[in-house]
Amino acid sequence: MHPAPSVIIFTTLSGLGFGLLFFLGLGLPDVSGWVAFIFFAIANALAVGGLLASTFHLGHPERAWKAFTQWKTSWLSREGWCAVLALITMGLYALGVVFLGQRWNLLGWIGALLSLATVFTTSMIYTQLRTIPRWNMKLTPAMFLSFSLAGGSLLAGQTSIAVPLLLLAALVQLLYWRQGDKAFSASGTNLGTATGLGQRGAVRTFEPPHTGTNYLLREFVYVVGRNHAEKLRVISFVLAFALPILLLLIPFSHFFALLAVLSHLAGIATSRWLFFAQAEHVVGLYYGKR
Amino acid sequence: MTQLPTSTDRKMGLVIDLDTCVGCHACVISCKGWNTENYGAPLSDQDAYGSNPSGTFLNRVHSYEVQPEQGSAQLIHFPKSCLHCEDAPCVTVCPTGASYKRAEDGIVLVNESDCIGCGLCAWSCPYGARELDMAEGVMKKCTLCVDRIYNENLPEVDRIPSCVRTCPAGARHFGDLGDPDSDVSKLVSEREGMDLMPEMGTKPVNKYLPPRAKDMIEEQIDILAPLLAPVAEEPKGFLGWLDKTLEKL
């Protein structure tokens, strides 16, 4: 799959932002006034910034509001609803915490759940696609949710929670890579089933439909950078999990905490790039490519 | 609405005969010709006369080689367009309701004024049947020539999809695959028509007729063959002398 920057920015930043909103909704850290304002501002900037970035890849962003209509069947529509409801709920909760000195716990818990639901619905947009075996796994939502929770706890400064959550996210990441690498062959789809000719013999592409490229090849057959996938996996794993855990375990300083957050962010962005770049769409089979 | 109809009155679709298709791409050209100037936004091309041309097509013809365990390889031309699936994933993923499947005839269409161009329907289609038009920013797909098949301004003979009307080999057939007595349904049952990627669970309406088995060359091709055995087995004259001389060297 073509790793569109808009979608990588969106899933990375929004995942982190909604993760932070989850912990703020639970009252972690227990802040008020200006400190709370800054926490909520960061969370909203990440969540809303990510959502805005996602509209950049649309052909017609001005019609994006229509995406709220099909929540009955479409995960993309459900994501839109969850995101708006989470932001409104957490906005009201933030008003109380920042300006009124009030902590409306129930509202915070509802907002926290909606924030997690947003991350879950985002992951389901990818998970639902049977055409992309590497995404069509239960580990995909597990990965999105565990990343969001780990990043959120890190940003919320919850060191004692962040270390186990980062360890959990690291484990899910490793499992995701392990299962994802086998997913395409395990799906049973090949050029034989794609053409229906597989039982007659070995099928080989003889001639493509056109000499140039097309939308399908640009969007679904992305092979650049796969050569370096293994190296990028190591880099992303070290940045997203290993380094932040190390920085959290040494005696606390604000500088190291900031470094841990930035390292985690860069690592997650790299992992998300690989999530798209390594995903193979079955339509590539028709072109003799994957 | 992007909820799929529980059933459709008819299942209009194509039957494509892989035995007959000669790979001439006439269906590709006629499809582009009709659909670029009728229903919806035109099918744009980018850099059409430059070094890297690309464009929107609703129908493309691939060519595959099949090598059986025994016998000679076979070349199969393979036209591919929207299969108007009964369980169309492209419809249910659409966030705006722009994608829909008609309850009356099962045709899958895009309402272009509602399409935001997010591309998710193309992601969900295993067949590559949907292409985002680069000029218009909306999703384009085969309409089964919905503006031809019911068009009473056209002579009756033309009220079939453009690709079917054009095919010089008669490799494309159009009809109601929901009616077991229709010509296309009979053709599918006689020739054991098949689904593409059945494991995807999309239940395509369009069917493909597999190529017939190739003739095998038997040992004796004609009863007169023994009488046609070569008369001169050994070269004579100059060639005979040359053969013997070269042999001795």
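Trainee: What makes strand 1 of chain A and strand 4 (residues 59-67) of chain B count as a pair?

Mentor: Two strands pair if DSSP finds at least two bridges between them. These two are joined by five bridges, in the antiparallel sense, so they satisfy that rule. At one position, A:Ala202 faces B:Gln67 in strand 4 of chain B. The names follow DSSP runs counted from the N terminus: helices are H or I runs of at least four residues, strands are E runs of at least two.

A word on the source: this is a predicted model, where local features need pLDDT of at least 70 and side-chain atom pairs count only at pLDDT 80 or more, while totals for chains, interfaces and linings use all residues. Residues are numbered from 1 along each chain as its sequence is written, and chains are lettered from A and ligands numbered from 1 in the order in which they are written.

Trainee: How many residues of each chain are in contact across the two chains?

Mentor: There are 46 in chain A and 51 in chain B; a contact means that two C-beta atoms, placed from the backbone, lie within 7 Å. On the side of chain A, helix 3 (75-100), helix 7 (191-195), strand 1 (202-207) and helix 8 (215-220) each supply at least two residues. Strand 1 of chain A gives the most, with six.

Trainee: Which residue classes make up that side of chain A?

Mentor: It has 17 nonpolar, 21 polar and eight charged residues. In this scheme Ala, Val, Leu, Ile, Met, Phe, Trp, Tyr, Cys and Pro are nonpolar, Asp, Glu, Lys and Arg are charged, and the others, Gly among them, are polar.

Trainee: Why are strand 10 (172-176) and strand 11 (207-209) of chain B called edges?

Mentor: Their open sheet in chain B has the order 10-1-11 with mixed pairing. Strand 10 and strand 11 each have a single partner strand, so one side of each lacks a neighbour in the sheet.

Trainee: What makes the pairing of this sheet mixed?

Mentor: Strand 1 pairs with strand 11 of chain B in the parallel sense over three bridges, but with strand 10 of chain B in the antiparallel sense over five. B:Ile16 stands opposite B:Tyr208 in strand 11, and B:Leu14 has B:Phe174 in strand 10 as its bridge partner.

Trainee: How do you know whether B:Leu144 is buried or exposed?

Mentor: Count the other C-beta atoms within 10 Å of its own: 20 or more is buried, 12 or fewer exposed, in between partly exposed, with C-beta atoms placed from the backbone. B:Leu144 has 28, so it is buried. It sits in the loop between strand 9 (139-140) and helix 4 (146-149) of chain B, and has a positive phi of about 55° although it is not a glycine.

Trainee: And what is B:His25 called by that count?

Mentor: Partly exposed, because it has 16 C-beta neighbours inside 10 Å. Its phi is also positive, near 65°, and it lies in the loop between strand 1 (12-17) and helix 1 (26-35) of chain B.

Trainee: Why remark on a positive phi?

Mentor: Because most residues other than glycine have a negative phi. Most peptide bonds are also trans. The bond between A:Leu28 and A:Pro29 is cis, with omega about 0°; A:Pro29 is in the loop between helix 1 (5-25) and helix 2 (33-54) of chain A.
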